Amino acid sequence: MKYLLVLTMILSMLVIMLLLSDTPVLARAFNNDFETGDLTDWEKTGTAFDFQPTWGDNPTARNRGQPSKHQGDWWLGLFEKYPGAEKAKPLGVNPGAVQGDAPQGTLTSMEFKIIGDSMNFLIGGGNHPWDGNVPCCVNLVINEKVERTSTGNATETMSRKEWDVSDLKGKIAQLVVVDNNSGGWGHPNFDDVHQADAGGDNIPWDRVLAVDARGKLAVSWAQMKKYY
Ligand SMILES: [Ca+2]
Ligand SMILES: [Ca+2]
């Protein structure tokens with residue numbers, strides 16, 4: 001009987017400790033570099049992203065003379081139409097295939113909190129800015145307002161660009177890759193986006209996306225379920 005009492009007390013204390021403990025913190029990944037080989041965490045409109053991401057240095061495969069300089073194996077190359085050997089087969093396309101500049105569309109990321117001082121990413125393709133009639137660009141959007149925007153420099157070769165986002169800390173943002181252009185250089189290239197701290201070190205996305213379980217989530221539960 002005494003043992004039962006002690007056991008009950010211990011169990012009660014454990015339950016109380018559990019209830020008083022901090023809300024468990026969950027973290028998840030973000031397909032920030034398209035290395036899933038698909039558009040997980042991103043939502044598309046239009047047709048420009050139908051065969052994205054692109055696999056490998058497809059511009060070199062078609063002798064463009066402008067290597068993509070992408071990160072990993074996969075990237076957004078909106079002129080290209082080579083979504084890797086497996087998906088290329090049923091499409092009947094080979095390395096070097098293109099969809100050209102005609103398709104248009106947008107690709108919007110999941111929401112994330114800005115916790116860094118800067119953001120950096122690889123960008124290439126057309127140099128049609130957001131404030132023009134037919135933009136090809138990458139935007140940082142907060143409350144439906146474009147807070148930052150960048151374009152390529154009319155070359156398939158991507159280079160790293162950076163935004164100072166220190167004044168946007170704490171805000172919930174989304175990235176939007178925009179292709180509203182069917183003319184010359186009417187396509188953006190994009191890959192490998194990060195937030196970085198004041199020292200310039202990239203912050204792992206699972207830390208950016210660490211969330212508590214009380215509903216203050218930077219992501220929806222539907223998205224979380226894919227990972228837990
Ligand atoms: Ca990549
Ligand atoms: Ca286009």
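Reader: Is Trp185 buried, partly exposed or exposed, and how many other C-beta atoms lie within 10 Å?

Author: Keep in mind that this is a predicted model. Burial is read here from a count of C-beta atoms around a residue, and 20 or more within 10 Å would make a residue buried. Trp185 has 19 other C-beta atoms within 10 Å, so it is partly exposed.

Reader: Where in the fold is Trp185 found?

Author: In the loop between β11 and β12. Its backbone deserves a look too: phi of Trp185 is near 55 degrees, a positive value in a residue other than glycine.

Reader: What should I expect of phi and of peptide bonds in general?

Author: Most residues other than glycine have a negative phi, and most peptide bonds are trans. Here, Asn143 also departs from that: its phi is positive, about 50 degrees, and it is not a glycine. You'll find Asn143 in the loop between β8 and β9 (145-150). With 8 other C-beta atoms within 10 Å, Asn143 counts as exposed.

Reader: And which residues does a cis peptide bond join?

Author: Gln52 and Pro53, with omega at about -5 degrees. Pro53 sits in the loop between β2 and β3 (54-55).

Reader: Let's go to the strands. How do I read the pairing of β2 with β5, and how many bridges join them?

Author: Look at the direction of the two strands, then at the bridges. Strand β2 (residues 42-46) and strand β5 (residues 105-109) run antiparallel, joined by 5 bridges. To get your register, start from Lys44, whose bridge partner in β5 is Leu107.

Reader: Which residue in β11 stands opposite Gly105?

Author: Asp179. That belongs to the pairing of β5 with strand β11 (residues 172-179), which is antiparallel over 4 bridges. So, to follow the strands across, go from β2 to β5, then from β5 to β11.

Reader: Now the interior. What do nonpolar side chains tend to do?

Author: In soluble globular proteins, they tend to be buried together. In this model the largest nonpolar core has 36 residues, and those touching the most other members are Leu76, Phe121, Ile123, Val138, Leu175, Val177 and Phe190. Elements giving two or more residues to this core include β4 (74-77), β7 (118-125), β8 (136-142) and α4 (205-208). The largest share, 5 residues, comes from β11.

Reader: Take Phe190. Which residues is Phe190 in contact with, leaving aside neighbours within four places in sequence?

Author: Leu76, Phe121, Leu122, Ile123, Val138 and Val177. Try picking out Phe190 in the viewer and tracing those contacts one by one.

Technical notes
Residues are numbered from 1 along each chain as its sequence is written. Chains are lettered from A and ligands numbered from 1 in the order in which they are written. This is a predicted model: local features need pLDDT of at least 70, side-chain atom pairs count only at pLDDT 80 or more; totals for chains, interfaces and linings use all residues. Two strands pair if DSSP finds at least two bridges between them. A nonpolar core is a set of buried Ala, Val, Leu, Ile, Met, Phe, Trp, Tyr and Cys residues joined through C-beta atoms within 7 Å. A residue is buried if 20 or more other C-beta atoms lie within 10 Å of its own, exposed if 12 or fewer, and partly exposed in between; C-beta atoms are placed from the backbone. Two residues are in contact if their C-beta atoms, placed from the backbone, lie within 7 Å.
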